Amino acid sequence: MDIRKRIIIALDYPNAREAEALLSHWEGKEKPFIKVGYQLFYRVGPEWVIKRKEEGYSIFLDLKLHDIPNTVAKGVESISQLGVDFLTVHASGGRKMMEAAREAAEKSARGQRVQLLAVTQLTSTDQPMLNEEIGIPGSITDCVTRYARLAYQAGADGVICSGQEAGLIKQVTASDFLAVTPGVRPLGDDVQDQKRVVTPTQAIKNGADYLVIGRPITQAPSPVKAYEAILAEIKQAWR
Ligand SMILES: O=C(O)c1cc(=O)[nH]c(=O)n1[C@@H]1O[C@H](COP(=O)(O)O)[C@@H](O)[C@H]1O
């Protein structure tokens with residue numbers, strides 16, 4: 001796989017104008033893999049996403065579906081019409097919900113079916129928050145690996161997890177079960193609201209397949225320079 005495709009830029013913007021301004025930095029260059037979350041999607045809608053797909057972007061549509069199995073299946077059917085590459089569901093929705101999502105993705109595929117990524121524990125969650133606030137006992141690692149196993153058995157294509165857990169997830173599932181890792185911060189960058197953070201090098205060395213990176217690129221004085229620096233770092237880590 002093209003190493004550039006391993007960095008997914010989170011387009012966390014409030015409107016098309018700002019999202020397109022960021023993308024304009026890549027004019028004349030190879031199109032990056034982009035993530036459209038609900039902040040942008042709820043404003044720009046499916047047509048904007050279809051257009052970007054037609055222009056040649058790989059797209060991760062991060063809508064984090066979490067509902068009863070039938071509702072999630074119907075949502076996946078609608079989303080499949082957009083031709084996006086990745087879609088998130090919450091692993092905490094359970095086996096039946098994820099099985100229904102997979103079945104719907106297969107049934108409604110137009111060409112390549114959408115890859116389903118199950119969110120394990122958000123990278124903004126730390127140990128005290130998991131135990132005391134959310135009320136799940138045990139370690140974060142146990143919780144994340146449990147969700148990963150469940151997602152694997154239910155037919156998801158991979159999980160969203162911290163780079164800290166990527167290696168372990170491969171061990172308890174399969175080497176081709178995708179570990180897609182947000183919460184990535186180049187050394188010295190502000191971690192902001194993220195808790196389980198790793199550097200690009202650590203994420204790759206731990207076995208991450210894709211790194212989801214937002215603010216370290218989008219808020220950099222030169223987004224392309226920041227992107228290229230991370231790319232150079234992960235190329236190095238690959239050796
Ligand atoms: O599903 C996600 O993409 C996601 C899951 C998670 O556990 N943590 C997480 O940060 N994300 C997303 O990854 C991106 C991270 O952005 P930055 O913190 O700006 O790099 C955001 O768009 C989050 O919504």
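## Model and confidence

pLDDT is the predictor's confidence in each residue, on a scale from 0 to 100. The structure described here is a predicted model. Its protein chain has an average pLDDT of 97, and 100% of the residues score at least 70. The model scores are 0.99 for ipTM and 0.98 for pTM.

## Surroundings of the ligand

The ligand is surrounded by 18 residues, of which Ala 10, Leu 122, Pro 182, Gly 214 and Arg 215 come nearest. Sorted by class, this shell holds eight nonpolar residues, seven polar ones and three charged ones.

Two elements that each supply at least two residues of the shell are strand S8 (210–213) and helix H9 (215–218).

## Helix H3

Helix H3 covers residues 69–80, and its 12 residues should span 16 Å at 1.5 Å a residue; the C-alpha atoms at its ends are 16 Å apart, so expectation and model agree. Val 72, Ala 73, Val 76 and Ile 79 are buried in this helix. The buried residues of H3 line one face of the helix, because they fall within an arc of 125 degrees when seen down its axis. An α-helix has 3.6 residues a turn, so residues three or four places apart point the same way. The packing partners of the buried residues of H3 are strand S3 (59–65), strand S4 (86–90) and helix H4 (95–107).

Asn 70 and Ser 78 are exposed on the other side of H3. Ser 78 has 11 C-beta neighbours inside 10 Å and therefore counts as exposed, the limit for that class being 12 or fewer. Between Ser 78 and Ser 108 there are 8.3 Å in space, C-alpha to C-alpha, and the two are 30 residues apart in sequence. Lys 74 is also placed in helix H3. Because Lys 74 has 14 C-beta neighbours inside 10 Å, it counts as partly exposed. Lys 74 and Glu 20 are 54 residues apart in sequence, with 30 Å between their C-alpha atoms.

## Val 49 in helix H2

Val 49 belongs to helix H2, which comprises residues 38–55. With 21 other C-beta atoms within 10 Å, Val 49 is buried, since that class begins at 20. Leaving aside residues up to four places away in sequence, Val 49 touches Val 36, Ile 59, Leu 61, Leu 82 and Val 84.

One of these contacts, Leu 61, is 12 residues from Val 49 in sequence, and their C-alpha atoms are 8.7 Å apart in space.

## Residues with positive phi

Lys 64 has a phi near 45 degrees, a positive value in a residue other than glycine. Lys 64 is located in strand S3, one of the elements against which the buried residues of H3 pack. Lys 64 counts as partly exposed because it has 17 C-beta neighbours inside 10 Å.

Gln 192, likewise a residue other than glycine, has a positive phi near 55 degrees. Gln 192 sits in the loop that runs between strand S7 (178–181) and helix H8 (200–205). There are 13 other C-beta atoms within 10 Å of Gln 192, so this residue is partly exposed.

Terms used. Residues numbered from 1 in each chain as written. Predicted model: local features only at pLDDT ≥ 70, side-chain atom pairs only at ≥ 80, totals over all residues. Near = placed C-beta within 6 Å. Helix = DSSP H or I, 4+ residues; strand = E, 2+ residues; numbered from the N terminus. Nonpolar A, V, L, I, M, F, W, Y, C, P; charged D, E, K, R; others polar. Expected span 1.5 Å × (residues − 1). Arc of directions from axis to C-beta. Contact = placed C-beta atoms within 7 Å.
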